[in-house]
Amino acid sequence: MTMLDAYYVIKPMIPRPVQIFLRRVIARVKLVRHKAVWPIDARAARPPLGWSGWPENKMFALVLSHDVDTMRGRENCLRLLEVERRLGFRSTFYFVPEGYAVSPELRREIKDAGFDVGVHGLRHDGKMFRSRKIFDERAGRVNRYLKDWDAVGFSSPSMHRNLAWIGDLDMAYSISTFDTDPFEPQPEGAGTIFPFWVPRQSRDGGFIEIPYTLPQDHSLFIIFRHKDNRTWKGKLDWLAEKGGMALVDAHPDYMDFGGGRRGPEQYPIAYYEDFLEYVKDRYRGRYWQPLARELAAFWAAQDFPRESSSGILNALNGARQNSRRSGLA
């Protein structure tokens with residue numbers, strides 16, 4: 001059993017404030033060690049071989065993603081949807097199928113608004129990738145939810161990953177990596193601000209891996225206790241300059257929409273709302289804002305060599321064993 005596996009065994013017995021305290025201590029140490037590559041790793045800006053640009057010659061792509069970890073997050077989804085719709089944006093909500101109830105009515109309302117839904121693991125308990133046996137058993141259930149929900153995207157809880165195994169899921173794309181984020185349980189990044197192709201190991205074809213490229217909201221506002229969104233804006237400006245993909249994974253679980261006392265793991269929705277307004281005002285008409293499924297379809301249709309992703313996969317696969325022994329989530 002790895003250190004990470006052991007942590008998830010005892011995690012339910014550790015009070016949440018203690019978990020957050022430990023994560024803050026570890027994060028401060030890691031921040032000093034990795035300040036040269038977080039929140040920006042300049043090496044990740046290299047486009048894939050043959051890359052010809054985004055649709056309509058847009059400057060960059062913006063993808064909005066929401067992992068819904070808890071019941072509280074689920075209850076906030078439609079509030080968040082209204083914020084984005086008012087500002088002219090669309091997003092995808094990824095639900096934990098066996099973590100809380102996800103009604104057909106909620107999924108329908110999200111899709112009818114022009115947004116999308118996906119699957120966020122199965123239980124969000126850190127165990128899906130502990131062994132091949134556990135993964136295979138859970139993958140069958142995840143596939144049933146993907147089919148029942150008419151979903152084509154999978155977002156991995158806490159970015160736990162094994163891209164060779166994930167290929168057994170019946171999805172078109174996965175969000176299970178990042179360009180750079182040393183604070184995740186598996187801290188090695190994909191080292192790119194572009195999607196990449198992953199061949200399936202057990203059958204023909206492949207899927208599109210879409211790394212998130214903006215720091216996680218929980219890291220910024222809860223772990224590091226930032227009081228503004230300047231880190232998001234600074235990273236966005238760099239991504240736009242490099243012509244990459246800006247994918248932000250913002251959790252409705254941690255957003256405070258007002259109307260009561262703010263909890264210790266919440267931040268003002270104004271941080272996220274102001275970020276969207278910044279994008280809209282500063283880059284009006286210069287960004288492409290697809291749903292994740294639309295970006296995956298676009299990327300899958302490109303004719304540049306899929307071998308260009310082999311270096312990314314080799315680096316991630318080589319780091320897999322070591323990364324399973326570090327970090328908390």
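Tyr-271 is a buried residue, because its relative accessible area is 16% and the cut-off for buried is under 20%. The model shown here is predicted. Tyr-271 lies in helix H9. Which residues does Tyr-271 contact, leaving aside its neighbours within four places in sequence? They are Phe-221, His-226, Lys-227, Asp-228, Asn-229 and Trp-232. Compare that with Glu-75. Tyr-271 and Glu-75 are 196 residues apart in sequence, and their C-alpha atoms are 19 Å apart in space.

One of those contacts, Trp-232, leads to the next helix. Trp-232 belongs to H8, and it helps to make the contact between H8 and H9. Helix H8 covers residues 230-242, and helix H9 covers residues 269-282. Their axes come within 10 Å and cross at roughly 30°. Angles under 35 degrees count as roughly parallel, and H8 and H9 are therefore roughly parallel to each other. The crossing of H8 past H9 is right-handed. On the H8 side, the contact is made by Trp-232, Lys-233, Leu-236 and Asp-237. On the H9 side, Tyr-271 takes part, along with Tyr-272, Asp-274, Phe-275, Tyr-278, Val-279 and Arg-282.

Now look at another helix pair. Helix H3 is made of residues 71-87, and helix H4 of residues 104-112. The two axes come within 11 Å and cross at roughly 20°. That makes H3 roughly parallel to H4. Is the crossing left-handed or right-handed? H3 passes H4 in a left-handed crossing. Arg-74, Leu-78 and Leu-81 of H3 make the contact with Leu-106, Glu-109 and Ile-110 of H4.

Next come the aromatic rings. A pair of aromatic rings is described by two things: the distance of the centres and the angle of the planes. The whole structure holds 31 aromatic pairs. Take Trp-51 and Phe-298. Their ring centres are 6.4 Å apart and their planes stand at 85°, so this pair is edge-to-face. The cut-off for that label is over 60 degrees. Where do the two residues lie? Trp-51 is in the loop between helix H2 (16-33) and strand S1 (60-68), and Phe-298 is in helix H10 (residues 292-300). The pair therefore ties together parts that are 247 residues apart in sequence. Trp-51 counts as buried, because its relative accessibility is 18%. Phe-298 is also buried, with a relative accessible area of 17%.

The two rings have company. Trp-51 and Phe-298 belong to one aromatic cluster with Trp-54, Phe-194, Trp-288, Trp-299 and Phe-304. Elsewhere, a charge meets a ring. The charged end of Arg-306 sits over the ring of Trp-197, 3.6 Å from its centre.

Return to the loop between H2 and S1, where Pro-39 is found. What kind of peptide bond joins Trp-38 and Pro-39? The bond is cis, with omega at about 10°. Asn-57 lies in the loop between H2 and S1 too. Asn-57 is not a glycine, yet its phi is positive, at about 55°. Asn-57 is exposed, with a relative accessible area of 73%.

A positive phi also appears in His-124, a residue other than glycine, with a value near 55°. His-124 is found in the loop between strand S3 (116-119) and helix H5 (132-148). Its relative accessibility is 27%, so His-124 counts as partly exposed.

Key
Residues numbered from 1 in each chain as written. Predicted model: local features only at pLDDT ≥ 70, side-chain atom pairs only at ≥ 80, totals over all residues. Heavy atoms only, no water. Phe/Tyr/Trp six-rings, centres within 6.5 Å; stacked < 30°, edge-to-face > 60°. Helix = DSSP H or I, 4+ residues; strand = E, 2+ residues; numbered from the N terminus. Buried < 20%, exposed > 50% of the residue type's maximum accessible area, 1.4 Å probe, protein only. Lys NZ or Arg CZ within 6 Å of the ring centre and 35° of its normal. Axes fitted to C-alpha atoms, helices over the stretch in contact; angles between N-to-C directions. Parallel < 35°, antiparallel > 145°, perpendicular 65-115°, else oblique. Left-handed = near helix turned anticlockwise from the far one by under 90°. Contact = heavy atoms within 4.5 Å.
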